[in-house]
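Visitor: Mind walking me through this one? I have a handful of questions once it's on screen.

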Amino acid sequence: MVLRRLLFTLLNNPRLIEKLSESRPIRVAAQVTASALTRAQLGGREAARRLLREGGLARLRETFLRELKDGARAQDWPRPPGNRRDGSGRGSQ
């Protein structure tokens, strides 16, 4: 509890935060994070372009819907009202 309060107090000190942000380890960590996020964003954009270009988006949609329907059938869904598995007899509530 004391440690938590101490950390809270330190992290809410603007001067300390400014000094930390100017330190080399924090700057390097920020650069690595920014680089990773940028690469992930660019990779995601490229994957989306590839899906659109190759017609894979329609195939992805069809596969998703087929899997969703198969899973629903396996769970006996949709059930008629008043025919619940838990035996409560209530409709869809």
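**A guided look at the chain**

Guide: Before you start, this is a predicted model. Its mean pLDDT is 84, with 85% of the residues at 70 or more.

Visitor: Where is confidence highest, and where is it lowest?

Guide: Go by the element means here. Confidence is lowest in α4, with a mean of 87. At the other end, with a mean of 92, it is highest in α3.

Visitor: What pattern does the chain follow along the sequence?

Guide: Start with the tally: 4 helices and 0 strands. Reading along the sequence then gives α-α-α-α.

Visitor: What share of the residues is buried?

Guide: The cut-off for buried is under 20% relative accessible area. The chain has 93 residues, and the buried part of them comes to 2%.

Visitor: And how much of the accessible surface belongs to carbon and sulfur atoms?

Guide: The accessible surface of the chain is about 8700 Å². Of that, the carbon and sulfur share is 60%.

Visitor: Which element gives the largest share of the nonpolar patch?

Guide: The patch covers about 720 Å² and is built from Leu-3, Leu-6, Leu-7, Leu-10, Leu-11, Ile-17, Leu-20 and Ile-26. Two elements give two or more residues to it, α1 (2-11) and α2 (14-21). The largest share, 5 residues, is from α1.

Visitor: Take Leu-11 from that patch: is it buried or exposed?

Guide: Leu-11 sits in helix α1. Exposed means over 50% relative accessible area. Leu-11 has 54% relative accessibility, so it counts as exposed.

Visitor: How far does helix α3 reach from its first C-alpha to its last?

Guide: Helix α3 takes in residues 24-53, which is 30 residues. At 1.5 Å a residue, the expected span is 44 Å. The model comes close to that, at 43 Å.

Visitor: How far apart are the end C-alpha atoms of α4?

Guide: α4 has 19 residues, so at 1.5 Å a residue it should span 27 Å. The distance in the model agrees: 27 Å.

Visitor: Which residue with a positive phi follows α3, and which comes just after α4?

Guide: Look past the end of each helix. α3 is followed by a residue with phi near 75°, Gly-55. Just after α4, the residue with a positive phi of about 60° is Asp-76.

Visitor: Why are Arg-49 and Glu-46 separated by about one helical turn?

Guide: An α-helix has 3.6 residues a turn, so residues three or four places apart point the same way. Arg-49 and Glu-46 meet in a salt bridge at 3.7 Å, N to O. They are separated by about one turn because, within helix α3, their spacing is 3 residues.

Visitor: Which of the two partners, Glu-46 or Arg-53, is exposed?

Guide: Glu-46 also forms a salt bridge with Arg-53, with the closest N and O atoms 3.7 Å apart. Glu-46 is partly exposed, at 31% relative accessibility. A relative accessible area of 57% makes the exposed partner Arg-53.

Visitor: What about Asp-70 and Arg-73: which is partly exposed?

Guide: Their side chains meet in a salt bridge at 3.0 Å, N to O. Both lie in helix α4 (residues 56-74), 3 residues apart, about one turn of the helix. Arg-73 counts as exposed, at 58% relative accessibility. With a relative accessible area of 38%, the partly exposed one is Asp-70.

Visitor: Last one: which residues do salt bridges with shared partners join into one network?

Guide: The structure holds 3 salt bridges. Glu-46 pairs with Arg-49, and Glu-46 pairs with Arg-53 as well. The network is therefore made of Glu-46, Arg-49, which is partly exposed at 48%, and Arg-53.

Definitions and conventions: Residues numbered from 1 in each chain as written. Predicted model: local features only at pLDDT ≥ 70, side-chain atom pairs only at ≥ 80, totals over all residues. Heavy atoms only, no water. Buried < 20%, exposed > 50% of the residue type's maximum accessible area, 1.4 Å probe, protein only. Areas by Shrake-Rupley, 256 points an atom, 1.4 Å probe, with all protein chains shown as cover. Patch = residues over 30% accessible without salt bridge, like charges linked within 9 Å, V, L, I, M, F, W, Y side chains within 5 Å. Salt bridge = Lys/Arg side-chain N within 4 Å of Asp/Glu carboxyl O. Expected span 1.5 Å × (residues − 1). pLDDT = per-residue confidence, 0-100.
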